[in-house]
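Please open the structure in your viewer and keep the selection panel at hand, since this tour moves from one selection to the next.

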Amino acid sequence: MAKRVGMEVAIAAAEAVALCRIDVAAVYPITPNTHIAEHLAEIVADGKLDAEYITVESEHSSISACCGASGAGARAYTATSSQGLMLMHEILPIVSAMRLPVVMGLANRAVSGPLNIWNDHSDIMPQRDSGWISFFAENGQEAVDMSIQSFRIAEDPEVMLPIVLNIDGFQLTHMIEALELPSQKEVDRYLPPFRPLATLHPDKPVSMGAYAFPDIFTEVMKVKDSVLIDSKKTILKAWDEWGKQFGRWYKPVETYKADGAEVLIMTMGSMGETASIAVDELRAKGVPAGLVKLRLWRPFPFEEFREAIKGAKVLIVCDRAVSFGGPGGPVAAEVKSALYNDAGRPAVLNFLIGLGGRDVTVENFKDILEKGVQAINKKPAGGYIFYGVRE
Amino acid sequence: MIEIRWHGRGGQGAVTSVEMLALAAIEEGKYAQGFPSFGPERRGAPLAAFNRVNTHQIKVRSNIYNPDIVVVLDPGLIGLVNVADGLKAKGILIVNTTKTAEEISRILNFKGKIATVDATKIAREELGAPITNTTMLGAVIKATGVIKLDSLKVPIEHRFGKLAGRNMKALKRAYNEVKMSNIN
């Protein structure tokens with residue numbers, strides 16, 4: 001097993017991407033993704049990686065460049081945050097419809113306005129229906145591991161879809177912590193070279209992403225949906241093989257002390273670890289609390305999710321984005337929809353937390369869990385709560 | 001787990017201090033975090049940076065509110081920023097200053113342990129510049145034992161290359177010259 005080293009997570013993510021021997025990187029730097037963009041540029045400039053680093057003038061161009069490069073058969077990577085992702089939005093469903101396995105590292109950050117550079121999930125949530133596979137990393141090690149796993153999954157002939165890996169901005173990207181970086185040999189063993197089914201080449205012309213009339217468009221959408229749903233099989237296989245090779249195991253829904261828990265709290269990304277300390281403290285006092293962490297956001301892992309929450313009386317969903325005027329945070333809305341037809345479903349409490357970098361402490365999670373305990377006997381009112389808001 | 005808050009100004013290298021300390025602790029087989037105050041940074045403006053050091057995996061990712069150790073890189077921050085804010089009563093305050101621990105204690109109304117060292121003088125003499133981020137690491141090690149002096153060698157060499165020797169010399173001087181005082 002590799003030695004643990006101290007490294008900033010953004011730098012480690014860039015190192016992991018370089019270990020994947022990418023052919024093309026097109027990244028427009030934006031806080032807090034900047035260190036990924038800079039370090040990858042440095043690796044290429046130093047001649048340590050034989051790749052083309054395309055210095056684009058915007059994020060719309062970076063994703064477009066990746067789209068073209070991937071179509072030509074290159075292993076392509078981009079990274080962005082917040083407004084950058086919003087600017088890419090137009091291109092995202094095109095990349096997935098064209099079945100191009102681009103990988104994106106997203107250093108999650110709040111979307112303007114007002115301008116806010118800090119961490120939440122309001123950038124990824126509006127991209128939900130873009131047809132991309134979407135993962136959340138909980139710590140630096142996962143950001144490294146999942147960067148590598150992403151290329152293998154995306155490029156699998158059964159999948160051929162783009163992947164966005166969510167890495168919480170600042171809380172993860174700017175954190176120097178202990179992690180293991182696999183060796184080049186180990187990555188080469190896990191990740192085969194990209195073998196596209198068709199490529200753009202002047203000698204063998206093909207059309208990609210052409211026109212679809214009403215008589216075929218529905219069928220194309222159905223295929224896109226099916227492929228995304230079916231990608232879970234490949235994801236599970238890739239995670240299983242990762243576990244066998246590296247000893248670190250990944251699941252679509254991770255649980256922590258969830259067995260026998262009457263109250264479960266559900267998080268995505270870096271807050272899971274802080275929440276786990278609150279669970280430990282409540283369990284020590286005999287409170288039947290547990291934690292559920294959603295790693296796979298798309299395709300939504302319905303089966304694993306139902307299994308993870310089985311037996312719970314109250315499910316607290318922590319959302320880090322607002323669906324203004326909607327039924328709750330985007331994650332809670334999905335969870336409620338997933339559970340609607342289940343007879344023994346738990347009551348769902350929805351808290352909007354950690355918006356635009358608002359700190360969420362162990363004490364906050366304990367307080368939220370206590371509110372969940374109160375809801376065991378008293379059915380909650382529904383709706384959603386802006387946790388800690390000053391009015 | 002030990003939590004440390006560093007006070008400096010933009011450009012004084014507080015983030016490098018937390019990086020060196022975290023890397024040294026990890027080098028020792030411990031777990032550590034090093035992180036800046038999240039957000040924009042302006043040259044010359046007061047800022048803070050943070051460390052956590054532990055013997056097992058660190059799970060907490062929220063801010064640090066009640067540090068065990070506070071380090072002040074710039075003497076001009078005393079009185080400008082409440083550097084003792086949230087510092088545990090049994091915590092240690094380590095200050096770059098020409099003042100005595102008694103004076104610092106009076107100004108900040110902090111009754112716990114205080115360590116003082118004239119790091120600016122050391123840095124000027126050893127590095128030719130009043131940048132105290134590496135120098136103060138020596139004072140921190142002597143005052144707290146949070147890491148070993150030798151563990152800094154690899155990270156300092158990696159970070160500073162041919163200037164590593166001078167930085168190591170400066171921090172060893174601070175290690176030897178820091179004055180510990182328990183006011184109580």
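The stops below concern a predicted model, and they lead from a contact between chains to the packing of helices.

Begin by selecting the contact between the two chains, to which chain A gives 22 residues and chain B gives 17 residues. On the side of chain A that touches chain B, colour β1 (4-8), β8 (176-180) and α9 (271-284), each of which supplies at least two residues; the largest share, four residues, comes from α9(A). If you then colour this side of chain A by class, you will find ten nonpolar, eight polar and four charged residues.

Stay with β8(A) and add strand β2 (residues 31-36) of chain B, for these two strands pair in the antiparallel sense over two bridges. Within this pairing, select E177(A), which stands opposite Q33(B) in β2(B).

Next, select helices α1 (residues 9-19) and α2 (residues 34-45) of chain A, whose axes come within 8 Å and cross at roughly 45°, so that α1(A) and α2(A) are oblique to each other. Their crossing is right-handed. To see the contact itself, show A10(A), I11(A), A13(A), A14(A), V17(A) and A18(A) from α1(A), together with H35(A), I36(A), H39(A), L40(A) and I43(A) from α2(A); nine of the contact residues are nonpolar, two are polar and none is charged.

Finish at helix α11 (residues 330-339) of chain A, where P330(A), V331(A), A332(A), E334(A) and V335(A) are buried. What do the buried residues of α11(A) pack against? Select β13 (314-319) and β14 (347-352) of chain A, and you will have their packing partners in view.

Key
Residues are numbered from 1 along each chain as its sequence is written. Chains are lettered from A and ligands numbered from 1 in the order in which they are written. This is a predicted model: local features need pLDDT of at least 70, side-chain atom pairs count only at pLDDT 80 or more; totals for chains, interfaces and linings use all residues. Two residues are in contact if their C-beta atoms, placed from the backbone, lie within 7 Å. Ala, Val, Leu, Ile, Met, Phe, Trp, Tyr, Cys and Pro count as nonpolar, Asp, Glu, Lys and Arg as charged, and the others, Gly among them, as polar. Two strands pair if DSSP finds at least two bridges between them. A residue is buried if 20 or more other C-beta atoms lie within 10 Å of its own, exposed if 12 or fewer, and partly exposed in between; C-beta atoms are placed from the backbone. Axes are lines fitted to C-alpha atoms, for helices over the stretch in contact, and angles run from 0 to 180 degrees between N-to-C directions. Angles under 35 degrees count as roughly parallel, over 145 as roughly antiparallel, 65 to 115 as roughly perpendicular and the rest as oblique. A crossing is left-handed if the near helix is turned anticlockwise from the far one by less than a right angle, and right-handed if clockwise.
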